Amino acid sequence: MDERPRYMISVAAELVGMHPQTLRTYEQKGLVQPKRTAGNTRLYSEADLERLRLIQKLTTQLGLNLAGVEAVLDLEEQLRRMRSRMERLEREMHEAIRQVHKQYRRDLVLYEPARLPERRWTSTS
């Protein structure tokens, strides 16, 4: 997702179908964090717009209040971090397995069971 800030609040609000004041409220509640220019103008990225669309879906279609939205967003962030950690651990595990495989001795040795000496039977008569 593109993280480059590019849309001023009025453009961002129009793109997601919200009022600019709604975006300000979401920022105040910590649900979205647009970047700021040196002149303190808010700039929203494509990732910010996707997050705003998700917030809109959660509030309008699923009927969540902003506290519920915050909980869902927190859970999604935890899930993202866990997935990232799991992927890293899987990569490390596969690398460790590769290292162990490199240490295997690849020579094949033919197994021959020990042969017992032949026993000769003598008759005792």
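1. Start with glutamate 46, which sits in helix α3. Helices here are DSSP runs of H or I with at least four residues, strands are runs of E with at least two, and both are numbered from the N terminus. Glutamate 46 counts as partly exposed because its relative accessibility is 23%; buried means under 20% relative accessible area, exposed means over 50%, and partly exposed is what falls in between, using a 1.4 Å probe and protein chains only. Glutamate 46 and methionine 1 are 45 residues apart in sequence, yet their C-alpha atoms are 6.8 Å apart in space.

2. A word on what you are looking at: this is a predicted model, where local features need pLDDT of at least 70, side-chain atom pairs count only at pLDDT 80 or more, and totals for chains, interfaces and linings use all residues. Residues are numbered from 1 along each chain as its sequence is written, and side-chain values use heavy atoms, with hydrogens and water left out.

3. Now the company that α3 keeps. Helix α3 spans residues 46-60 and packs with helix α4, residues 66-103, at an angle of about 130°, their axes being 10 Å apart. Axes are lines fitted to C-alpha atoms, for helices over the stretch in contact, and the angles run from 0 to 180 degrees between N-to-C directions. That angle makes α3 oblique to α4; the scheme calls angles under 35 degrees roughly parallel, over 145 roughly antiparallel, 65 to 115 roughly perpendicular, and the rest oblique. As for handedness, α3 passes α4 in a right-handed crossing: right-handed is when the near helix is turned clockwise from the far one by less than a right angle, left-handed when anticlockwise.

4. Helix α1 (residues 9-16) is another neighbour of α3: the two axes come within 10 Å and cross at roughly 45°. These helices are therefore oblique to each other, and the crossing of α1 and α3 is right-handed.

5. On to the charged pairs. Side chains of opposite charge can pair when their charged atoms come close. A salt bridge is taken as a side-chain nitrogen of Lys or Arg within 4 Å of a carboxyl oxygen of Asp or Glu, and by this rule the count comes to nine.

6. Glutamate 27 is worth a look. Its side chain meets that of arginine 42 in a salt bridge of 2.4 Å, N to O. Since glutamate 27 lies in helix α2 (residues 20-28) and arginine 42 in strand β3 (residues 42-44), the pair ties together parts that are 15 residues apart in sequence. Glutamate 27 also forms a salt bridge with arginine 36, with the closest N and O atoms 3.0 Å apart. Is glutamate 27 buried or exposed? At 18% relative accessibility, glutamate 27 counts as buried.

7. Its partner arginine 36 belongs to strand β2 and is partly exposed, with a relative accessible area of 36%. The C-alpha atoms of arginine 36 and methionine 8 are separated by 9.7 Å, with their positions 28 residues apart along the chain.

8. Methionine 8 itself is placed in strand β1, residues 7-8, and its 47% relative accessibility makes it partly exposed. Together with Val11 and Leu15, Met8 forms a nonpolar patch on the surface, with about 250 Å² of accessible area in total. Patches take residues with over 30% relative accessible area and no salt bridge, joining nonpolar side chains (Val, Leu, Ile, Met, Phe, Trp, Tyr) within 5 Å and like charges within 9 Å. The areas come from the Shrake-Rupley method with a 1.4 Å probe, and for residues only the protein chains shown count as cover.

9. Helix α4 has a salt bridge too: the side chains of arginine 80 and glutamate 77 meet at 2.5 Å, N to O. Being three residues apart in α4, arginine 80 and glutamate 77 are separated by about one helical turn. Arginine 80 is partly exposed at 46% relative accessibility, and glutamate 77 is partly exposed at 31%. Elsewhere, salt bridges with shared partners join Asp2, Arg4 and Arg6 into one network.

10. Last, a backbone point. Most residues other than glycine have a negative phi. Asparagine 40, in the loop between β2 (35-36) and β3, has a positive phi near 75°.
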